[in-house]
Every structure is written in C-alpha cells, then in structure tokens.
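Biologist: I have this one open and would like to go through it with you. Can you pull it up?

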Amino acid sequence: MAAAAAPAAAAAAPAASSEAPAATATAEPEAGHEDHREVRVLQSLRGKICEAKNLLPYLGPNKMRDCFCTINLDQEEVYRTQVVEKSLSPFFSEEFYFEIPRAFQYLSFYVYDKNVLQRDLRIGKVAIKKEDLCNHSGKETWFSLQPVDSNSEVQGKVHLELKLNELITENGTVCQQLVVHIKACHGLPLINGQSCDPYATVSLVGPSRNDQKKTKVKKKTSNPQFNEIFYFEVTRSSSYTRKSQFQVEEEDIEKLEIRIDLWNNGNLVQDIFLGELKVPVNVLRSDSSHQAWYLLQPRDNGNKSSKTDDLGSLRLNICYTEDYVLPSEYYGPLKTLLLKSPDVQPISASAAYIFGEICRDKNDAVLPLVRLLLHHDKLVPFATAVAELDLKDTQDANTIFRGNSLATRCLDEMMKIVGGHYLKVTLKPIIDEICESSKSCEIDPIKLKEGDNVENNKDAPTIRTLTLISKTIQTLGSWGSLSKSKSSFKETFMCEFFKMFQEEGYIIAVKKFLDEISSTETKESSGTSEPVHLKEGEMHKRAQGRTRIGKKNFKKRWFCLTSRELTYHKQPEFIERKDAIYTIPVKNILAVEKLEESSFNKKNMFQVIHTEKPLYVQANNCVEANEWIDVLCRVSRCNQNRLSSYHPSAYINGSWLCCQETSENAVGCKPCTAGVPADIQIDIDEDRETERIYSLFTLSLLKLQKMEEACGTIAVYQGPQKEPDDYSNFVIEDSVTTFKTIQQIKSIIEKLDEPHEKYRKKRSSSAKYGSKENPIGKTS
C-alpha cells in the first residue's frame, strides 16, 4: 500500500480542498430550487443509568448480587457500567453519550449479575422501541425490568421471494408448485462477540402438513448470502380447472403459510434461535410472484406470558436525538442571527438568550449554543454579557453564580470543551490509581454500611471516593472564608474530617493553585508541548505480516491515540513505560475507512492506511468503531498526502477482494469518504449544532409564542401585569427589541421548515414497503 500512496497523492490535493464547505455562507437556495445534495441523518444518545432497586435476591444465605448494566442497540452491546458489589439496589450513577452509526429497532438496558466462574446472569431488561424514545426524553423514569427470553432476543432481516408455478404430474393431474427463494439475511446478531454461523429452515405449514427443508450453514457472517431455492407441491382438488389461472383455491390459501426460522449452528452445543418470520401464501392471491425484505420476529411474536412484577426496576434518564442536517447555506440566516447575540443591547433581547429562556431542557439548549459561539469566537463576549445580567439581579453576594442560570451553564459547558486536555494531563494518572484501588474514603456516618466505620472502611464505591475528594479540594479552596465551626460546613461530618488539614501549608498551596489557573496573565511557554491524549481502548488487530514467518491472525491489543501517534501495546500499563509494539505517526496516516465484513468475516472493522501496510482493526461494537474512525480522521485530516481512493476490502491470497486487482500497490477502487470539513475546530460541526438549535426552537414554539405575547402586553401597559401570568418567569428588559428578535426567529424557523418537510416526504416515499430500507414488520 506504500506505493499506492504515490499515484493517489496527486489526487489527494483537490480532494482535500473540496472537503471544506462554505461555512460562513448566508445565502439561501432560490425558491423552488430542488437541492439534491445529501442530507446527513445523525443520531445520538445521551443520558444516565441512575440506579436499580428491589432486584431478586439469591435463594441461599448470601442474598446479595454483584450487578452491572449494559446498553444494547438491538442485540449489540455498546456500553457497560462498572460492577456494583453486594447490593440488590445498586446505585450506578453513570452518564453516557455516543453517536449511533446505524439503524436500530430497540434500545435495551440489561441488568446483569456478575459471575466469575460461569456466564454472567441476565436478571432483566428494559427494551424501548426507537419510535417510543421521544416519550421518555429528558426526564428520569423508573422502568420495570422485563424477563429476558432467548426466543425474543432477535434482530436482522431476510430477503425472500415466493412464486406459484403450474405443475403437471406423471399421471396427468395438475397441481401448483410453491417456489421459495431465500436470498439473503442482513444484520444478524453477534454470538459471543463474533459473527454467527447462520442457517435457515424453510417450512410450508398447514392444518395437515409441515414440510421442512434446510439451507447450508454459512460460516462467520452476519450478512449471509444463501441464494437457495426450495420447492413445495400444493396438491389440487378434483374440481381444479384451467380457468382458475394457477391461483390457489380459497379454502386452501387461508390455511397455508411459509415459515422461515434462522438459527446459529452450535456445532457441539445447542443451536441458538435467531428469529423467525411467517408469510401467508395468500400474498400470492393477486400475483403469482412476491418478493420483499422482512424483519425477523421473536418466536410466537413474543407473546409468551411471564410474571414481570418481581424482577425489580431500573431508573434511567434517556435523550435520543435524530437530526436531518441540510447543506450549509440553509443555516446561514439562523447562524447569523445567533452570532449577533453578543452585540445586542440588552443581551436578554438576543436570539441566543431567548433560545436559552424558552427551551424546556436547559442542558439540551446550552451545549449546541456554546459550541456554535465558541467556533466563531463569540462565546466569551456572550458569557460576559449574561454574567453581568446575573450580577445585576443578584441580591446576596454569597449566591453569585450558584444557581442554574444561562451564564453558569455556558461556563460549565465551555470548560468541558476547552479544558478536557488539561484535566486528562493533570488528573488522569491519579484518578486511574483511585479507580484501580479498593481503598475507601467514606467518612459520612449515614452512608457507612453495617459493620463499617470511619477508621476502617474498605467497601465504598469508587464514585463516592471521587466525590469526597472533590469535596475536600473545594473546601480547601474556600478555607480562608470558613469559621472552622460545624455550622460553616454543609455536611457536619466534613468539619471533623478537616481537622486533618488544618496545616497552613495545605491551604496556601490550594489557594495559590486556584489563583494561578484563574489568572488572565499569560504564562511563558516551556518551548515543548506534550502530545494531547485523544483516545485509548482494547481492540483486536490483524497481524500485518511484516515478517515472512509472522502469522496473519487477530490479537487483542491496547490502542492509544495522541495528537502525534497511534500505538498499540500488549497491556494498558505498558503505555506509561513507552513500550509500544507498533507505532504509526499521525503525519503518516493517509486514510481511515471502514473495512467490509466479507474481508475476514468480522463485523465492526476499519483500516488505518498509512505509508506501510494497512492496519486492520476490529472494534468491540459499532459505536466504538465509529468513534475511532471519527477521531482518527479528525487528527489526520490536514495531512498533505491523504488518499482520494481506497480498497474497501482486504488484500488476501494475491488479490484485492473488492476489485480483484492482483497488484498489492493498485490504486483504490472506491473514493474515500469526505470525512469532516477541514475547518472544524475543537471537533465542532457547526451545521449540526445549528440544526440542533433549529430542532429545539421548533419544539419550543408554544413558549416562544407566549414570550411574544408577553412582549406585546408589556409594551401596551408599560410594564408587567400585577397578577402572575404565564410569562412572569421571562426576563424581558426591552419588550420592543425582544419582540423584533422573536419575529426574526419565527420567520427563519418557518423557512427552515420547508426543506425539512420536503426531505421527510421524499424519504418516506422513496423507501417502498418491503424494501431493504423499509422492511415488512417495521413499525413507524
């Protein structure tokens, strides 16, 4: 692949320049103009796994369980919490956020009991249809755990074709032959983390018959191509005549159905059920041929009755978003209006401030707003203006910036974005040590478990330990203003604890640290900058065959990416020792692309193409693969010799599987994906952030209307009404300016509604029912 870089490098230059969109464009497409460019459909999920309660105890004397929780897209695990030991009401308190890179039907949360010697036991699950996620958005909800039945754990779809042919038997009688062509399956689940070995049974089922046939087993694939045809004779009655035009008679057609069962071949163990579908033969009543994609269904459609009241419950906070990101120029007017916000007087009349006021979930609103303003260097003046408004309305100096105001939320999100590297460099080593240690720092008598005490406590969760450490540092910082009495502490137990820290040296050191990090003075650079730690984790990589005797198998390795290099190690602790098995400098990365499953019969694979042989890597799930591809593309996007084309499959046994070229240095047969725009800073996609703001505006139109009415009322009566009203919580300093801004917002939102509605109609009409994109059995 090294030689492939040379011919492709020439094409890389124009390709790189075309990646940067006109991010500052403000012109809208002409009216009636049909925009055929691709609309990006981006899904994300964030939330919190809070806690479980009333889980089933063990029957023996030790009734406690060691529990953890997973998040699954259909049957693919994409997130796992830490294990909470010895509890029937485990408190997880873990937040999550990730992009969802593929279509899915169900979002599921499984509660497990950790088992050291055997397979972990699934206690229960919460399964939510994708269409129902919006009903739970942004609020904490207790969900009852449902039983986990292996016959209901299905995913994937089947491509099927049915035909009816006339058949004349040897004795001259006429009957019909049912032809079942099972073509392929797509998206079958992983079994024990690996692609399955699927096969299908095909049955014609009726009141007095059950004819069954079986396909061949396809090895190590989640997208098997069966392409097998089966024939079933449908015997005719003596009343059959040629006039019936090969249609099955009414009394027979209602009683026959084709049933497809998918199984994973277990070899020496029991086969695993993957799903079924039932197709009545009467689909051929009006046509002698029928072809469609079907979603696999649970056995007996999951109607198995079971008691579910005694499994316990799980408290979750879920926020799922699906954004349709249009081409950049559509967002010009809205971005312009938002970016003018820091210059609007008063700041409460600006579009950005109004946006923060009307959104139901303030956290949803702040993140895209902060990222957009930060991208255009407008966040500091905006945050300064809203902070001054907070100061103006503050009655007590002790409560300054203590509330959940727009100013405090903006600063909080900004620090998370720009301070991430600083936190990793300064805190990661000590936090890793805390997480790996079993030591406890619990000092609250209320939270002590039975038999524990403050002096000898060895069983508190890591989260609680980190909480107490943060409390300690925070109190040290304000030690000078404390009276050292119990009344000065929010928690009285902290007073006794702080007697250990009454040395003046501790207080001076912490206050000096806080002064330094909050100072506006520019520090002199040391002349050397440490590489930024971007991502690390365990994945499988294929041996690259750098030596002739090296085996090209898959091995588990610990990967680490910084702003300078991608490395992999045998174990994570080898990173600190600088003991890498292999290193790829970031400047040598030419492309990062997905790898087709057919290359090695493995899912979630991607390839890092660099100046030597390509590195093939298998991630643990689709979310992890998407995150690695994204961060690798971002860190290498400015490399001068990036490729314009690549091979989507591997080079095996003397040829590329994708194009059958025999030369290992052959130029790629598929254009490289555009990746992220080259001008995105701090990983900010401004079109997506503006789309998110548009979506939140549309969800809050009713409240925007009330704010508009409030401005009109204030303008007429020269002040707010004496009686409390719906708008009493709005901050309206200048009703006329605020009213004009609201009018502009409404006008822009209405214009953006048009291309969104047009795209939704096009999307719903383009996918025919029964197609691969819209299979039969999918609810909408």
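**Confidence, cores and odd backbone spots**

Modeller: One stretch to flag at the start is residues 676-682, where pLDDT stays under 50 and the model has 20 contacts beyond four places in sequence. This is a predicted model.

Biologist: Where else does pLDDT stay under 50?

Modeller: Over residues 1-36, for which there are 57 contacts beyond four places in sequence. Where pLDDT is low, the predicted coordinates should not be read in detail.

Biologist: What does the protein average?

Modeller: The mean pLDDT is 79, and 77% of the residues score at least 70. Helix H1, residues 2-17, has the lowest confidence with a mean of 36, while H3 has the highest at 95.

Biologist: Moving on to the inside. How many residues has the largest nonpolar core?

Modeller: It has 55 residues. Leu338, Phe355, Phe382, Phe697, Ile745 and Leu752 make the most contacts within that core. Helix H5, residues 362-375, supplies its largest share, seven residues.

Biologist: What does Phe697 touch?

Modeller: Leaving out residues up to four places away in sequence, Phe697 touches Leu334, Ala351, Phe355, Ile358, Ile745 and Ile749. There is also a second, separate core of 32 residues, with Ile49, Phe96, Phe104 and Leu311 among them.

Biologist: Back to Phe355. Which residues of H4 are buried?

Modeller: Ala351, Ala352, Tyr353, Ile354, Phe355, Gly356, Glu357 and Ile358. That is eight of the eight residues in H4. Note that Glu357 is on that list of buried residues.

Biologist: And the loop between helix H3 and helix H4, which proline lies there?

Modeller: Pro346 lies in that loop, with H3 at 332-339 and H4 at 351-358. The peptide bond joining Gln345 to Pro346 is cis, with omega about -5°.

Biologist: Different topic, backbone angles. What is phi of Asp74?

Modeller: Near 55°, which is a positive value in a residue other than glycine. Asp74 sits in the loop between strand E2 (67-73) and strand E3 (76-80).

Biologist: Is Asp74 buried or exposed?

Modeller: Asp74 is buried, because its relative accessible area is 7% and the cut-off for buried is under 20%.

Biologist: And Ser93, what is its phi?

Modeller: Ser93 is not a glycine either, and its phi is positive at about 50°. Ser93 is placed in strand E4, residues 91-100.

Conventions. Residues are numbered from 1 along each chain as its sequence is written. This is a predicted model: local features need pLDDT of at least 70, side-chain atom pairs count only at pLDDT 80 or more; totals for chains, interfaces and linings use all residues. Side-chain values use heavy atoms; hydrogens and water are left out. Helices (H or I, at least four residues) and strands (E, at least two) are DSSP runs, numbered from the N terminus. Buried means under 20% relative accessible area, exposed over 50%, partly exposed in between (1.4 Å probe, protein chains only). pLDDT is the predictor's confidence in each residue, from 0 to 100. Contact means heavy atoms within 4.5 Å. A nonpolar core is a set of buried Ala, Val, Leu, Ile, Met, Phe, Trp, Tyr and Cys residues joined through side-chain atoms within 4.5 Å.
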